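Hello,

Here is the structure I promised to pass on to you. Please open it alongside this email.

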Amino acid sequence: MKPDLEEHYPLRKAAEILGVHPITLRRWEKEGKIRCVRMPSGQRRFPRSEVLRLLGGEATSGIRAVIYARVSSAKQAGAGNLERQKKRLEKYCRDKGYQVVAAIAEQGSGLNEKRKGLARLFRMAREGKMDLVAIEFKDRLARFGFTYIERYFNAFGVRVEVVNGEEPKSLHEELVQDMLSILTVFSAKLYGSRSREFRKKVKEAMLDASKGEQAD
């Protein structure tokens, strides 16, 4: 009997090659989508032939993706920006071969941590109902603290996939609105009812800055 000389990958290495989280690979093994060999220590080893088989087209079919789209204002939603963002993400997932299990689209500030859509994402991650969340830009999830949110998802075996690296200049308007929200709250606490004129001047300054960026 010839010894098995085929190369075998540890769990994390096989998951890295396939571009999935180790938890996802464990699930595939339990579902029979990939065969593994158990070592005397109980650790999994995945044959190279099995990994290559999945790389040939079967791996992505098992990835459950949730798309998350967000705009800040009703004006943007009314102009169709939210729906177009959602459709672009759906196409991206289709092209990747992901199975879209949910599409979450909402209007709300990136500074609002109580968004219903974001809460639903967290709940789905905790309940093990997805493997990946697809977003167009990092700030679609949150204006600040993206890294902490990403770590939260990773803890449940969910990968955050950012489709685009840089924001288009059209999104600078959202940043201005978010900054105005911060300054309004801060000035109200600092100056009370006398802050009305201060907020007006801040708003004018921020809008001027936004126009300057768009003109670049």
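Below is what I found in it, starting with the whole chain and then moving to a few places inside.

Please keep in mind that this is a predicted model. The mean pLDDT over the chain is 81, and 71% of the residues reach at least 70. Confidence peaks in strand β6, at 95, and is lowest in helix α8 (residues 172-191), where the mean is 60.

As for the overall make-up, the chain contains 9 helices and 7 strands. Of its 216 residues, 38% are buried. Among contacts with a separation of 6 or more, 66% join residues that are 24 or more positions apart.

Now to strand β6, which covers residues 132-135 and includes leucine 132. Is leucine 132 buried or exposed? Its relative accessible area is 0%, and because buried means under 20%, leucine 132 counts as buried. Which residues does leucine 132 touch, apart from its neighbours within four places in sequence? Its contacts are Ile63, Arg64, Ala65, Val66, Tyr98, Val158, Arg159 and Glu161. You may also like to find histidine 21 from here: its C-alpha atom is 9.1 Å from that of leucine 132, although the two residues are 111 apart along the chain.

Histidine 21 also turns up in the next item, a cavity. The structure has 1 cavity of 30 Å³ or more, and the volume of the largest cavity is about 30 Å³. Its lining is formed by Val20, His21, Thr24, Ile63, Asp131, Gly157 and Arg159. By type, those lining residues are 2 nonpolar, 3 polar and 2 charged. Two of the names, Ile63 and Arg159, are also contacts of leucine 132.

Where does the largest cavity lie? It sits between domain 1 (8-56) and domain 2 (64-162), because both domains contribute residues to the lining.

One more stop is helix α2, which spans residues 22-31. Its buried residues are Pro22, Thr24, Leu25, Arg27, Trp28 and Glu29, and Thr24 is also part of the cavity lining. After α2 comes glycine 32, which has a positive phi, near 85°.

If you want a route through the model, try leucine 132 in β6, then the cavity lining with His21 and Thr24, and finally glycine 32 after α2.

Happy browsing, and write back whenever you like.

Best wishes

Technical notes. Residues are numbered from 1 along each chain as its sequence is written. This is a predicted model: local features need pLDDT of at least 70, side-chain atom pairs count only at pLDDT 80 or more; totals for chains, interfaces and linings use all residues. Side-chain values use heavy atoms; hydrogens and water are left out. Helices (H or I, at least four residues) and strands (E, at least two) are DSSP runs, numbered from the N terminus. Buried means under 20% relative accessible area, exposed over 50%, partly exposed in between (1.4 Å probe, protein chains only). Contact means heavy atoms within 4.5 Å. On a 1 Å grid over the protein atoms alone, a cavity is a set of points where a 1.4 Å probe fits but cannot get out, and a pocket is an open set with protein on both sides within 12 Å along at least five of seven lines; lining residues have an atom within 4 Å of a point. Grid points are joined across faces, edges and corners, and a volume is the space filled by probe spheres set on the points. Ala, Val, Leu, Ile, Met, Phe, Trp, Tyr, Cys and Pro count as nonpolar, Asp, Glu, Lys and Arg as charged, and the others, Gly among them, as polar. Domain bounds come from an automatic or database domain assignment. pLDDT is the predictor's confidence in each residue, from 0 to 100.
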